[in-house]
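Colleague: I should like to go through the architecture of this chain step by step. Could you take my questions in turn?

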Amino acid sequence: MVIILGLRIKFVSIRWKLVSTYLLLIILTLLLIHTFISESIRINYVNEKKVHLLSQGNIIADRVANHNKNSNDMDALLKGYSKEIKSRIMIVNKKGIVLNDAYDVLKGMKINHWEIQESLKGKSIAREHQLKGYGKTLYVTVPIVLNNKVYGAIFISSSLEKVYGNVNKIMRNYLLLAILCIVITGFISFIFAHVIATPIEKLTEGIKKMHQGKLEQKVEIIGNDELTNLAQAFNTMSTKLFQVDQQRKEFVGNVSHELRTPLSAMKLLSESLIYEENVPIKTYREFLKDIASEVDRLDKIIQSLLALVDIDKGKLELNYEVTYVNYLLEKLIHSLKPIAVQKKISMNFVYSEKIQIGLDRVKIQQALTNIIHNAIKYTPEGGIVEVFLYSENGAAVVEIKDNGIGIPKESLPYIYERFYRVDKARSRSTGGTGLGLSISKQIIELHQGEVEVISEVGKGTTFYVRLPKNMNVYS
Ligand code: ADP
């Protein structure tokens with residue numbers, strides 16, 4: 001049963017379907033050619049023989065009609081011709097009586113063949129017969145005419161066995177050629193089927209492995225046809241899926257870690273209050289304040305995560321409003337000023353023109369707040385944070401410049417990655433989540449804008465946010 005099933009699967013495979021289709025086609029074609037050729041050759045040979053015997057019959061009839069010889073001379077003449085054309089020749093009179101027979105057997109007997117009857121009416125006839133014991137035979141009859149009067153007929157009987165033998169010989173050679181054709185076609189179609197089926201099998205194998213969770217699959221297919229393109233598309237898809245899966249795993253790991261940190265801190269703080277006896281009220285307050293700050297942190301992480309999920313889902317539909325970027329920045333800087341004042345950081349906002357563009361006010365405010373807040377966070381006490389607004393190449397540019405700690409060169413490519421922080425401890429102490437820049441970048445890109453950073457450790461950092469002005473209402 002298993003063997004039958006195995007064979008069934010094997011013979012329904014594309015490989016065998018292709019091979020059997022090609023074989024079937026070539027066999028059908030060869031059969032048709034066989035029928036056509038064998039029939040054509042047979043007809044051709046027989047017709048040739050008919051024409052030859054009819055012309056010989058005419059020559060003999062002519063000589064008989066004009067003879068002035070006796071019966072014995074006529075016998076000798078017939079025997080001579082009979083030998084020459086390898087056929088039996090008879091002369092019959094008007095009544096159908098055999099006057100002369102080259103084989104000397106039927107002399108004086110009456111023969112009543114249809115062909116003789118027709119020739120006695122003046123027609124020349126050539127017709128094939130299947131004779132018992134003799135095989136295929138050709139009967140040829142020609143009238144003996146003198147002065148437009150029929151005196152009798154010449155009857156030639158000739159075996160066609162040699163003709164049929166020749167046709168069979170040709171067809172036997174054809175059969176050998178046909179077998180050779182079938183073997184060659186089978187071989188070529190097998191190679192061709194192999195060339196087509198192998199990439200498909202490889203792709204199927206790759207898909208099966210991906211289905212089992214092994215996402216990083218590569219299918220090697222040589223060539224430049226549709227199957228190679230399919231394999232390339234498959235490889236790109238599997239690489240992308242693998243990367244997405246890796247990012248997802250990393251993201252889930254990071255989220256769990258980030259959420260666990262404040263939770264562990266809260267647990268530690270609350271347990272110390274529970275198990276410690278006679279804790280002074282001041283310590284209670286202090287610990288509860290710490291717990292509240294950890295709750296704030298948790299809330300901040302969750303809010304940021306929700307914002308990211310929204311952006312990822314493409315849910316973040318921008319609510320465009322024509323906005324003066326100057327006023328938006330003024331408001332924003334005003335709200336961040338208390339934090340800067342606390343760190344004795346001076347904040348300046350400089351602009352040369354009023355720029356009005358269409359943007360999602362709330363989202364852009366969120367994006368710019370993250371960047372300006374970072375400038376304050378990562379600038380030591382007494383530092384300077386400056387914000388400039390100007391136009392450049394059809395875009396509104398917001399430049400945020402600080403003279404803070406700066407970002408190391410090797411960290412610059414990663415600062416927009418989720419949860420990436422140059423210095424985890426410092427970021428945590430300043431309330432950072434590692435999600436701010438990732439959110440800002442995505443919001444800016446949703447506005448078809450871009451963000452760029454230039455930084456030097458110990459000297460400071462400058463962020464450039466470029467927003468296209470094509471939503472301009474007033475120039
Ligand atoms: P965080 O919440 O930690 O600030 P962000 O995504 O906003 O996370 O920023 C990622 C990291 O980039 C920060 O942890 C910090 O190390 C670095 N960074 C961002 N802005 C600045 C800046 N103005 N100066 C120095 N480092 C910065």
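**Helix packing and sheets**

Modeller: This is a predicted model. As a starting point, H5 passes H6 in a left-handed crossing.

Colleague: Which residues of H5 and H6 make the contact, and how many of them are charged?

Modeller: From H5, the contact draws on Ile196, Pro199, Ile200, Leu203, Gly206, Ile207 and Met210. From H6, Leu227, Leu230, Ala231, Phe234, Met237, Ser238 and Leu241 take part. Sorted by class, the contact of H5 with H6 holds twelve nonpolar and two polar residues, and the number of charged residues is none.

Colleague: Are H5 and H6 roughly parallel or roughly antiparallel?

Modeller: Helix H5 covers residues 161-211 and helix H6 covers residues 226-275. Their axes come within 11 Å and cross at roughly 15°. Angles under 35 degrees count as roughly parallel. The crossing therefore makes H5, relative to H6, roughly parallel.

Colleague: In the open sheet that contains E1 to E5, which strands stand at the edges, and why is one side of each left without a neighbour?

Modeller: The five strands follow the order E2-E1-E5-E4-E3, with antiparallel pairing. Each edge strand has a single partner strand, so one of its sides lacks a neighbour in the sheet; the edges are strand E2 (98-101) and strand E3 (125-131).

Colleague: Which residue in E5 stands opposite valine 142?

Modeller: Strand E4 (residues 135-146) and strand E5 (residues 149-159) are paired in the antiparallel sense over ten bridges. Opposite valine 142, E5 places isoleucine 154.

Colleague: Which strands does helix H2 lie across, and what is its angle to E4?

Modeller: Helix H2 spans residues 14-65. The helix lies across strand E1 (88-93), E3, E4 and E5, and its angle to E4 is about 35°.

Colleague: What is the pairing in the sheet with the order E7-E9-E10-E12-E11, and which are its edge strands?

Modeller: This open sheet is formed by five strands, and the pairing is mixed. Two strands pair on one side only, and these edge strands are strand E7 (346-351) and strand E11 (450-456).

Colleague: How many bridges join E11 to E12, and what is the bridge partner of glutamate 456?

Modeller: E11 and strand E12 (residues 460-468) run antiparallel and are joined by seven bridges. The partner of glutamate 456 in E12 is glycine 460.

Colleague: Which strands does helix H11 touch?

Modeller: Helix H11 (residues 436-446) packs on the sheet, and its direction makes about 25° with that of E12. The strands touched by H11 are E11 and E12.

Colleague: How are H9 and H11 placed relative to each other: oblique or roughly parallel?

Modeller: The axes of H9 and H11 are 9 Å apart, and the two helices pack at an angle of about 140°. Their crossing is left-handed. Roughly antiparallel requires an angle over 145 degrees. The relation of H9 to H11 is therefore oblique.

Colleague: How many residues in the contact of H9 with H11 are charged?

Modeller: H9 contributes residues including Lys363, Ile364 and Gln366, which meet residues of H11, among them Gly436, Leu437 and Ile439. The contact has seven nonpolar residues and five polar ones, and the charged count is one.

Colleague: Finally, what is the radius of gyration of the chain?

Modeller: The chain comprises eleven helices and twelve strands. For 475 residues the globule rule gives 23 Å, and the chain lies well over that value, so it is more spread out than a compact globule; its radius of gyration is 53 Å.

Technical notes: Residues are numbered from 1 along each chain as its sequence is written. This is a predicted model: local features need pLDDT of at least 70, side-chain atom pairs count only at pLDDT 80 or more; totals for chains, interfaces and linings use all residues. Side-chain values use heavy atoms; hydrogens and water are left out. Axes are lines fitted to C-alpha atoms, for helices over the stretch in contact, and angles run from 0 to 180 degrees between N-to-C directions. Helices (H or I, at least four residues) and strands (E, at least two) are DSSP runs, numbered from the N terminus. Angles under 35 degrees count as roughly parallel, over 145 as roughly antiparallel, 65 to 115 as roughly perpendicular and the rest as oblique. A crossing is left-handed if the near helix is turned anticlockwise from the far one by less than a right angle, and right-handed if clockwise. Contact means heavy atoms within 4.5 Å. Ala, Val, Leu, Ile, Met, Phe, Trp, Tyr, Cys and Pro count as nonpolar, Asp, Glu, Lys and Arg as charged, and the others, Gly among them, as polar. Two strands pair if DSSP finds at least two bridges between them. The radius of gyration is taken over C-alpha atoms; the globule rule is 2.2 Å times the number of residues to the power 0.38.
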